Amino acid sequence: MKIYHYTTIENLALILQHQTIRFSRLDAVDDLEEGLVESSGVHPGRYVFVSCWTENNEESIPLWKMYTKDCIGVRIGLERDMFLEYVSRGEDISMPEGIKAVGQITSKIPVTEVFNPEGKYMVLPLFNDEFFYRKIEYVESVADKTNNAVKYDGKTLSVAFKYIGCYKHKRWSFQEESRFILVILPRNPNISVADPLFSSYITQAIADNAILPIEYYDMHLKPEILDNMEIICSPSMNQAQKTIVNSLINQFAPKATVLDSSLASLLRLK
């Protein structure tokens with residue numbers, strides 16, 4: 001099944017060149033309400049990263065205007081199962097002292113990103129597509145849906161991240177949004193994963209609303225996914241801009257399909 005993302009020509013170039021999709025931190029997206037969700041004094045949106053799409057294959061005038069540059073951009077269509085999977089066998093995985101990996105691990109996040117001893121953050125591995133890809137539920141109150149997501153008594157902390165990043169107010173329902181969701185947590189590179197203090201540090205960092213050192217995270221696409229890519233040029237795009245798009249496609253994704261907008265002769269976006 002294809003899903004769709006509206007973006008600029010510049011972002012299209014980056015997607016094609018690096019074969020990655022960028023995830024933005026939830027507290028930096030355009031909907032301030034969901035990014036500023038608070039529960040038990042904690043702002044869990046600081047640790048959730050999202051990439052926003054829609055399953056609606058009909059072109060959306062509001063999305064053209066909101067997510068392209070001066071209404072000049074593209075709508076890309078990719079198969080939902082677009083991300084590269086990493087398969088690692090336990091005996092080949094470099095683990096912190098005291099921890100052993102057994103069997104085979106398959107995840108859309110490289111093991112090195114989870115157990116990177118030099119990193120100041122850790123990306124939680126992805127084993128469950130139901131958590132990774134979700135449709136937005138549009139509600140009367142985002143706060144009512146998320147105010148119990150965090151439970152903290154001063155010592156023990158638990159965060160139900162399944163409630164974060166999946167609710168938006170009904171005013172946004174025109175987007176018909178679905179999204180991919182990652183959880184990235186702060187960590188101290190001086191504390192080994194095997195150290196009993198490791199989880200205590202993460203707990204305290206979240207309770208203190210520690211800021212992550214990154215504002216985005218890029219996930220790699222399957223190399224073959226671009227062969228079936230669909231690109232629609234925005235209704236206001238001129239011939240010179242279409243030439244740029246076609247040049248990018250010829251260089252990076254020659255099997256992809258480039259189409260003119262079905263709205264091109266029906267309206268003038270400005």
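Q: Which strand pairs with β3, in what sense, and over how many bridges?
A: Two strands pair if DSSP finds at least two bridges between them. Helices (H or I, at least four residues) and strands (E, at least two) are DSSP runs, numbered from the N terminus. Here β3 pairs with strand β13 (residues 177-186) in the antiparallel sense, over 7 bridges. Within this pairing Ser51 stands opposite Phe180, and Cys52 stands opposite Arg179. This is a predicted model: local features need pLDDT of at least 70, side-chain atom pairs count only at pLDDT 80 or more, and totals for chains, interfaces and linings use all residues. Residues are numbered from 1 along each chain as its sequence is written, and side-chain values use heavy atoms, with hydrogens and water left out.

Q: Which other strands pair with β13?
A: Strand β7 (residues 121-123) runs antiparallel to β13 and is joined to it by 3 bridges; Tyr121 has Pro186 as its bridge partner. Strand β8 (residues 133-135) also pairs with β13 in the antiparallel sense, over 3 bridges, and there Arg134 stands opposite Arg179.

Q: How many residues of β13 are buried, and on which sides?
A: In a regular strand the side chains alternate between the two faces of the sheet. Buried means under 20% relative accessible area, exposed over 50%, partly exposed in between (1.4 Å probe, protein chains only). In β13, 10 of its 10 residues are buried. One side carries Glu177, Arg179, Ile181, Val183 and Leu185, and the other Ser178, Phe180, Leu182, Ile184 and Pro186. For β3 (residues 48-54) the count is 6 of the 7 residues, so the strand is largely enclosed by the rest of the structure.

Q: Where do the buried residues of helix α1 lie around its axis?
A: An α-helix has 3.6 residues a turn, so residues three or four places apart point the same way. In α1 (residues 9-18), Ile9, Leu12, Ile15 and Leu16 are buried. They cover an arc of only 115° (taken from the directions from the helix axis to the C-beta atoms), which puts them on the same side of α1. The buried residues of α1 pack against β1, β2, β4 (74-79), β15 (230-233) and α8 (239-252), where contact means heavy atoms within 4.5 Å. Just after α1, Gln19 takes a positive phi of about 55°.

Q: How many aromatic pairs are there, and why is Tyr6 with Trp64 classed as it is?
A: Rings of Phe, Tyr and Trp (its six-membered ring) pair if their centres lie within 6.5 Å; planes under 30 degrees apart count as stacked, over 60 as edge-to-face and the rest as tilted. By this rule there are 9 aromatic pairs. Tyr6 and Trp64 have ring centres 5.0 Å apart and planes at 90°, so this pair is edge-to-face. Tyr6 is in strand β1 (residues 2-7) and Trp64 in helix α3 (residues 61-67), 58 residues apart. Phe23 and Phe132 form a stacked pair, 6.3 Å centre to centre with 15° between the planes. Both Phe23 and Phe132 are buried. Ring pairs link Phe23, Trp53, Phe83, Phe132, Tyr133 and Phe180 into a cluster.

Q: Which charged residues sit over rings?
A: A charge sits over a ring if NZ of Lys or CZ of Arg is within 6 Å of the ring centre and within 35 degrees of the ring normal. The charged end of Arg75 is over the ring of Tyr4, 4.0 Å from its centre. Arg134 lies over the face of Phe131, 4.4 Å from the ring centre.
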